[in-house]
Amino acid sequence: MNPNTRACIAYVAGILISAKNSSSVYDYSQSKHISISGTVTVNNINIYDHDRGCHFGGNGNGGQFNLYDYGGNHHVQLKINGNQFDGYDYGSNCHFNGNVNGSSISLYDYGESKYYNYSI
């Protein structure tokens with residue numbers, strides 16, 4: 001999965017689950033903050049990834065979100081369940097899952113067979 005797509009997913013899951021506000025996500029694998037602006041609610045996600053210069057978002061219903069990554073021109077499915085999340089990235093044709101603990105997000109990318117860590 002594209003590193004910034006992964007970071008956007010982690011950001012959205014982190015905001016939805018923790019109910020915190022943040023203007024960036026720290027990606028430990030890239031060792032940098034990625035500036036993000038926009039809104040994240042249980043019904044609608046509309047964020048802007050300033051690192052790539054593109055939008056990421058879509059609609060949600062009952063914890064299930066149909067999102068679109070405008071930087072990679074592909075869909076992303078995301079499902080929130082308690083402090084856990086999972087989904088599918090159509091850009092890399094792979095599943096992912098993870099959990100949120102406070103400001104920390106852990107995401108497992110099945111395409112890379114690897115865990116990635118973030119904080120908001």
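This briefing looks at helix α1 and at two asparagines in loops. The model is predicted, so please note that local features need pLDDT of at least 70 and side-chain atom pairs count only at pLDDT 80 or more, while totals for chains, interfaces and linings use all residues. Residues are numbered from 1 along each chain as its sequence is written, and side-chain values use heavy atoms, with hydrogens and water left out. Helices (H or I, at least four residues) and strands (E, at least two) are DSSP runs, numbered from the N terminus.

**Helix α1**

- Helix α1 covers residues 3-18, and its end C-alpha atoms are 22 Å apart, in agreement with the 22 Å expected for 16 residues; the expected span is 1.5 Å times one less than the number of residues.
- Of the 16 residues of α1, 13 are buried, so the helix is largely enclosed by the rest of the structure; buried means under 20% relative accessible area, exposed over 50%, and partly exposed in between (1.4 Å probe, protein chains only).
- At the N-terminal end of α1, Asn2 acts as a cap, with a side-chain oxygen 2.7 Å from the backbone nitrogen of Asn4.
- Ala19 follows α1 and has a positive phi, near 60°.

**Loop asparagines**

- Most residues other than glycine have a negative phi.
- Asn73, however, has a positive phi of about 55°; this residue sits in the loop between β5 (64-69) and β6 (74-81) and is exposed, at 55% relative accessible area.
- Asn93 also has a positive phi, near 55°; its loop joins β7 (84-89) and β8 (94-101), and Asn93 is exposed at 54% relative accessibility.

How values were computed
Polar contact = N/O pair within 3.5 Å; in protein donor to acceptor, adjacent residues only side chain to side chain.
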